[in-house]
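Dear colleague,

I am handing over the structure below, and my notes on helices and salt bridges follow it. Please read them with the model open.

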Amino acid sequence: MPTTPSPSLAGSEGPTAGSRSSAANAPDSRPHPGIAAIRTLALTGPAGAGKTTLAEALLLKAGAIQSAGSVEKGNTVSDHDPQERRAQHSLQTSLLHAQHDGVHLRWLDTPGAPDFIGQALPALEAVETVAVVLNAQTGIELMAQRMMDAAAQRGLTRLVIINKIDAPGVDAAGLLAQVQQTFGRECLPLNLPADGGTRVQDCFFGCSGEADFGSVEAAHRALVEQVVEVDPAFVDRYLNDGDVPATELHAPLEQAFREGHLIPVCFTSARQGVGVQELLGIIEKLLPNPYEANPPQFLRGEGPEAEPLQVAMDPAQHVVAHVFKIQSDPYLGKLAMVRVHQGTLRRNAQLYVGHARKPVRVAHLLRLQGKEHVEIDHALPGDLCALAKLDELQNDAVLHDAPEDEHLHLAPLSLPAPVHGVSLRPTRHGDEQRLWEVLGRLVEEDPCLRLERGGEHDGGGSPSSETVVYGLGELHLRTLLERLKDQYKMEVHTQPPRVAYRETISIPAQGHHRHKKQTGGAGQFGEVWLRVEPLERGAGFEFRDEVKGGTLPGQFMPAVEKGVRQALAQGVVAGYPLQDLRVTVLEGKHHSVDSKEVAFITAARKAVVAAVREARPLVLEPIVQVEITAPEAATGDITGDLASRRGQVSGTRSSVPGQIVVQGSAPLAELLAYQNRLNALTSGQGRYTLELSHYEAVPPTVQAQLASQYQWKDEE
């Protein structure tokens with residue numbers, strides 16, 4: 001790529017990399033040069049694509065490190081955790097930075113295994129550009145599709161990087177065609193492999209040269225035509241003049257990025273350094289700064305009444321910042337990675353966390369480089385930084401310093417639900433509470449982990465003292481157990497994975513209970529009539545108060561709702577939480593002396609149980625989407641085995657030559673420890689991913705078996 005003028009932090013009138021105009025998100029005043037110089041990028045995509053190696057190569061080319069580490073040697077900047085070094089792949093998102101040619105570069109290196117998508121997806125809330133890195137040897141995998149879809153939903157600039165182009169047997173031309181078929185014809189190459197994948201040939205600024213496949217001139221023409229299409233003035237100019245210099249296409253190029261009209265494709269071999277310098281130039285010169293990208297999707301208010309709100313990319317405004325990642329640091333305690341959206345975040349600032357009425361002080365404002373960190377004085381809008389030793393911070397929290405922003409939040413991410421569970425008990429008696437606290441810290445770091453205690457019940461009907469952790473798969477839970485042992489020195493007994501069954505009802509029914517207890521002196525009295533009704537799958541739970549005539553004073557309604565929720569959490573048929581139903585309180589009775597909250601909690605709980613038993617209760621099981629990658633020769637065995645597990649095959653597609661991807665669905669209970677079976681069917685060459693699809697009723701025989709193992713217990 002030919003050189004272009006270096007950006008200036010003092011700003012300039014021309015379209016340099018450090019200072020540019022914007023039609024989408026520019027403030028009224030001239031853009032702040034420090035903000036215009038920021039580039040934020042999330043490296044995403046499947047495991048094995050080489051994201052961490054690419055991040056290391058970019059740091060080297062930008063002059064941020066003196067030599068590149070390797071994943072195999074365990075000395076990369078990103079994978080600094082001992083567990084990551086042993087696994088030789090990323091387990092959590094790492095924040096990196098560099099200064100190069102006046103540009104402030106911020107990268108997030110994200111995990112690629114589907115089990116850790118709860119680490120990868122929140123990174124999208126912090127960046128302008130999502131780079132999906134593909135392994136040229138294995139083609140398009142599930143995580144690539146998921147991250148591309150998620151980036152499109154949030155209106156982010158998307159970039160496809162095809163890595164490992166120098167590997168044996170790579171069909172780069174075929175993979176580019178597959179990218180265009182899968183992600184759209186707007187995926188066009190900015191460069192092409194040349195000289196057998198030992199270099200890349202620019203196709204945007206240049207229009208001639210030799211490439212390993214295709215025509216550089218044709219690729220350049222396709223890029224220019226795609227970009228000018230968004231601006232009628234440039235269309236006319238292109239039709240009249242026959243070409244428009246790439247250096248004059250910045251404004252329509254950024255518009256094409258914002259509208260998803262262009263998804264650039266780049267080729268690299270990170271390990272050999274091929275295309276890395278060119279990629280660094282693309283990030284600096286072509287990708288959007290915070291002014292040029294679509295604004296973040298902020299909402300003010302809750303539920304259906306929430307209204308969109310656009311924050312101002314203005315360092316002089318009041319502060320709005322968002323926590324996109326929480327992690328535990330052995331020296332700094334809780335560490336929160338933050339994206340600043342508005343105002344200037346300063347050290348020692350007093351900020352509010354969401355609805356909190358008490359401010360917190362920013363004692364430590366950090367710039368992270370993997371595990372290394374340096375104190376900084378301030379961070380501008382668009383920048384990424386970290387806050388340390390603030391226990392009040394949680395994932396997805398909004399920090400602000402103005403009362404009107406207390407109900408401000410980002411549009412929620414669509415995260416997969418954890419359905420794979422493992423039961424834990426500490427090996428040492430008395431460690432139950434410590435285990436719960438340590439697991440709480442680990443769950444806090446990953447929104448796709450869920451922790452339960454006493455929510456399930458054993459066959460004897462008594463609350464179980466065990467702790468249950470739910471995750472996205474076996475690898476997800478195994479990694480958590482390793483952290484428990486290595487980082488927190490917690491030894492635990494585990495039981496086989498548990499399925500997150502749920503209960504619901506199939507018809508409306510009514511329930512009633514009078515709670516009356518006399519123990520000498522003031523007694524307890526509460527009486528409740530209520531109705532339960534089924535809702536659509538996935539609707540959750542609704543609570544309604546339709547009491548008329550004051551038969552149940554409003555002061556006791558919170559206690560009634562608490563009792564209802566206790567019954568739903570405990571379950572009725574098999575000891576699993578109830579969902580997808582509406583509970584309506586119809587009537588009640590009270591006593592002027594004996595009525596207390598505890599009485600109405602008990603009455604409501606037992607009234608719900610009575611109603612559910614008459615409402616034809618059902619046990620629901622999680623149905624998962626499964627994607628299996630295996631040798632083509634094993635296709636018949638895999639589809640037959642899936643059918644034997646109450647599964648259905650929805651389709652197949654070719655991945656790379658010799659491999660097939662089988663897509664389908666099946667009950668999660670039938671796929672526990674499925675890797676062992678898949679290894680037997682594919683001679684150890686198969687792999688699979690699961691994602692929750694929906695819940696549906698279990699067969700009657702399964703429900704009878706689950707119900708026989710459970711006895712509802714009165715918890716008075």
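**Salt bridges and a helix**

Arg 483 and Glu 445 are both buried (under 20% relative accessible area, where over 50% is exposed and anything in between partly exposed, with a 1.4 Å probe and protein chains only). This is a predicted model, in which local features need pLDDT of at least 70 and side-chain atom pairs count only at pLDDT 80 or more, while totals for chains, interfaces and linings use all residues. Residues are numbered from 1 along each chain as its sequence is written, and side-chain values use heavy atoms, leaving out hydrogens and water.

The side chains of Arg 483 and Glu 445 form a salt bridge, 2.9 Å from N to O (a side-chain nitrogen of Lys or Arg within 4 Å of a carboxyl oxygen of Asp or Glu). Arg 483 belongs to helix α12 (residues 474-486) and Glu 445 to helix α11, so the pair ties together parts 38 residues apart in sequence (helices are DSSP runs of H or I with at least four residues, strands runs of E with at least two, numbered from the N terminus).

Glu 445 is also one of the buried residues of α11, alongside Leu 435, Val 438, Leu 439, Leu 442 and Val 443. These residues cover an arc of only 145° around the axis, which puts them on the same side of α11 (the arc is that of the directions from the helix axis to the C-beta atoms).

Across the whole structure, the search finds 32 salt bridges. One of them joins Glu 691 to Arg 146, with the closest N and O atoms 3.6 Å apart. Since Glu 691 lies in strand β35 (residues 687-697) and Arg 146 in helix α5 (residues 142-153), this pair ties together parts that are 545 residues apart in sequence.

Best regards
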